[in-house]
Amino acid sequence: MDAHISEWASRAEALKPLNLKQIEPSLAELDAHLTLRTHIVGYALTEADTVVWTTLRGNRVAHAFIKQNLMPSLCRWFRYIEEAYPQQTVVVQEGKGKGAKKEGKDGKDITDETKVVTRFPPEPSGYLHIGHAKAALLNDYFAHEKYKGKLILRFDDTNPTKEKEEFQNSIVEDCALMGIKPDQVSYTSDYFDQLYDIAVQMVKDGHAYADDTLQEKMQKERFDGIASERRDSSIEDNLKHFAEMKTGSEEGAKWCLRAKLSVDDPNKALRDPVIYRCNPQDHHRTGSKWKVYPTYDFCCPIVDSMEGVTHALRTTEYNDRDAQYQWFIKTLKLRGVHNWGFARLNFVKTLLSKRKLTKIVDTGFVWGWDDPRMPTIRGVRRRGVTVPALREFILKQGPSKNIVNLDWHSFWATNKKHIDPIASRYTAITDAAKVPVTVVGAREGVITEEKDKHAKYTNLGKKKVVFSKDIFIEQEDAQSFAKDEEITLMNWGNAIVRSISHSINPLSSSGFKTVTALELELHLQGDVKKTSKKVHWLSTDQDLVPVELVDFDYLITKDKLEEDDKLEDFLNPKTEIRTTAVADLNVAGLKADDVFQFDRKGYYRLDRAFKHGEPAVAFKIPTGGSKGWMSCLMDGGG
């Protein structure tokens, strides 16, 4: 490690010129080097960090360039060093210079690791949503695709009040659904004994203390930088109270255990965080054995180190807590782990709070966690997204640290590229818009022909098209016709409009006319390229399939809910639009989860297959138009 530190101290010289063209190649090398690193060398602050940081901070050209955030890894590291080590950004901490010993349980420098190990640590307190998908897929990508390493799926099951085996099982299934195959599945609860022993040792070493300060007062003291009255309690008293917590007694429930880091550090995450709480509720895996449970911030660095994790990928909301994470690693003399941040995934008019999502499920505002209006993995899958599209969209966002509220249109536009080549085309006409048509010149009787399911993607196979003199077309098309106009019947040929029957809507002040019947005369020798109106149609002489076409709107009416916004005030009262229709006989053979297209209506996923007596139910799949996640039923989809 010493050689690496010396090398970077020397390379800092190349960052001194006040000329961007001269230093830009060196900046780019540093940015690339920091892609999966928290520190330049190893896993703690060294002279390499302080010399390079001081050089860049003292170079007004380099500093101005960094502020532009054009090199995200470099920018992230620069801010982290400044915020995490405010006292050491100029002067290196004693013992951290060239003569510093290798730290960590195995004395190994992370940069010398031969295998990258990442972990995805969801709490089993709900179903995975689109935000979790980003974390899961990025961990999978770096572990398996980029570095051929190892991925651990670890359940952060430290809060029995919120967690269920149902959620745990669903997470395993959703990861499989996304094509994620962890090399190891573990549980934080597997380490409860070791974590408790570590907490006891921290008390004995003076690194933790028991505290019964009321929560509201504790929060204020932390915010104001005021030490708790219990901070200097004796080791004996602290051990006694921690032991009482373990029993789950009424007295024990009043206490918590806090790590002794700092009272007034500028980084409030370092102000004596709580590391253990009392909870008498049974745990879904360990039963009634434990009455005290460790916090995520305490468990995470310890278990990461124990399981061999090399890179802990976390959303940027954890930036302030990275220094806390590294404090536990250093104080407990654990093998080092790199922290590496990325921006969480946010969408407009979308709830990604587990608490809020649980509320709308529990109150029956949606059908369940797999409701197609929900931003859960199961919800968007049920809405019609494909796994390849989901992976492409997430990985296309990459490990960016810029937090933005995305519109759903880019998500669904990505999906459209994947479903168009696999979506067979069929015909449906809404019940309220059916216009009966007589086709003069049609062949006698009922004729059935084989046609391609998709004119462009002929590999999808054939479908049956039924021809007869009695057909239906859509009201919207019929209203656009003029007498003696030549139009094209799709999959059939040209026809001339010979007569139009109307009825006047008495409620319409504009004299709106509804077409009640049409007569068309086939003109098959006509040129389909010369007609401006191509219409779909259905022969009435076939077993038409009843189908419900379902479209959805956003669950909330505001682009982004603020902390003080009341959820109930922004719930959309109408989020489901159902339209009944009839479809061609081929739709009877579709299975649930099939993705297809109704001509001029859009793409759909079949949620319930047709059964005699029960209509098929099809959910409309958005395609990335200007309306984002939602799209009106009459929009064209392809």
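## Close-up views of a predicted model

**View 1. Thr438 pairs with Glu519, its bridge partner in strand E20.** The model shown here and in the views below is predicted. E20 covers residues 513–522. Its partner strand here is E14, and the two run parallel, joined by 4 bridges. Strand E14 spans residues 434–440. E14 also joins strand E17 (residues 470–474), this time antiparallel and through 5 bridges. Thr438 takes part in this pairing too: its bridge partner in E17 is Asp470. Which residues of E14 are on the covered face, and which are on the uncovered one? Val435, Val437 and Val439 make up the covered face. Lys434, Pro436, Thr438 and Val440 make up the uncovered face. Thr438 therefore belongs in this view three times over: on the uncovered face of E14, opposite Asp470 in E17, and opposite Glu519 in E20.

**View 2. Strand E8 is covered on both faces.** E8 runs from residue 311 to residue 315. All 5 of its 5 residues are buried, so the strand is largely enclosed by the rest of the structure. His311, Leu313 and Thr315 point to one side. Ala312 and Arg314 are on the other. E8 pairs with strand E9 (residues 338–342) in the parallel sense, over 5 bridges. One residue pair to find is Thr315 with Phe342, its bridge partner in E9. Helix H12 (residues 319–331) joins the picture: E8, H12 and E9 make a right-handed β-α-β unit.

**View 3. Helices H8 and H11 cross at roughly 115°.** H8 covers residues 192–204, and H11 covers residues 296–306. Their axes come within 11 Å. The crossing is right-handed. From H8, the residues in the contact are Gln194, Leu195, Ile198, Ala199 and Met202. They meet Phe298, Cys299, Ile302, Val303 and Met306 of H11. What is the make-up of this contact by residue class? Nonpolar residues number 9, there is 1 polar residue, and there are no charged residues.

**View 4. Strands E1, E2 and E3 form an open parallel sheet.** The strand order is E1-E2-E3. E1 (117–120) and E3 (184–187) are the edge strands. Each has a single partner strand, so one side of each lacks a neighbour in the sheet. Ignoring direction, neighbouring strands are turned by 30° against each other on average. E1 pairs with E2 (residues 150–155) over 4 bridges, in the parallel sense. To locate this pairing, find Phe120 and its bridge partner in E2, Leu153. Helix H6 (residues 130–146) lies across E1 and E2. H6 runs at about 165° to E1.

**View 5. A mixed sheet holds 7 strands.** This sheet is open, and its order is E12-E25-E26-E27-E23-E24-E13. Which strands stand at the edges? They are E12 (424–426) and E13 (428–430). With a single partner strand each, both have one side left without a neighbour in the sheet. The twist from one strand to the next averages 40°. Inside the order, E23 (residues 545–552) and E27 (residues 616–621) pair in the parallel sense over 4 bridges. Leu549 has Ala618 as its bridge partner in E27. Helix H16 (residues 408–419) packs on the sheet. It touches E25 (595–598), E26 (602–608) and E27. The direction of H16 makes about 120° with that of E27.

**View 6. Asp282 sits in the loop between strands E6 and E7.** E6 covers 274–278, and E7 covers 292–294. Is Asp282 buried, exposed or partly exposed? Its relative accessible area is 46%, so it counts as partly exposed. Beyond its neighbours within four places in sequence, Asp282 is in contact with Pro160, Gly287, Ser288 and Lys291. Asp320 is 38 residues away along the chain, and the C-alpha atoms of the two residues are separated by 32 Å.

**Overview. The chain has 17 helices and 27 strands.** Its C-alpha trace spans about 100 × 65 × 50 Å along the principal axes. Of its 638 residues, 53% count as buried. Among contacts with a separation of 6 or more, residues 24 or more positions apart account for 72%.

Definitions and conventions. Residues numbered from 1 in each chain as written. Predicted model: local features only at pLDDT ≥ 70, side-chain atom pairs only at ≥ 80, totals over all residues. Heavy atoms only, no water. Axes fitted to C-alpha atoms, helices over the stretch in contact; angles between N-to-C directions. Left-handed = near helix turned anticlockwise from the far one by under 90°. Contact = heavy atoms within 4.5 Å. Nonpolar A, V, L, I, M, F, W, Y, C, P; charged D, E, K, R; others polar. Buried < 20%, exposed > 50% of the residue type's maximum accessible area, 1.4 Å probe, protein only. Pairing = 2+ DSSP bridges. Right-handed = clockwise from strand over helix to strand, strands pointing away.
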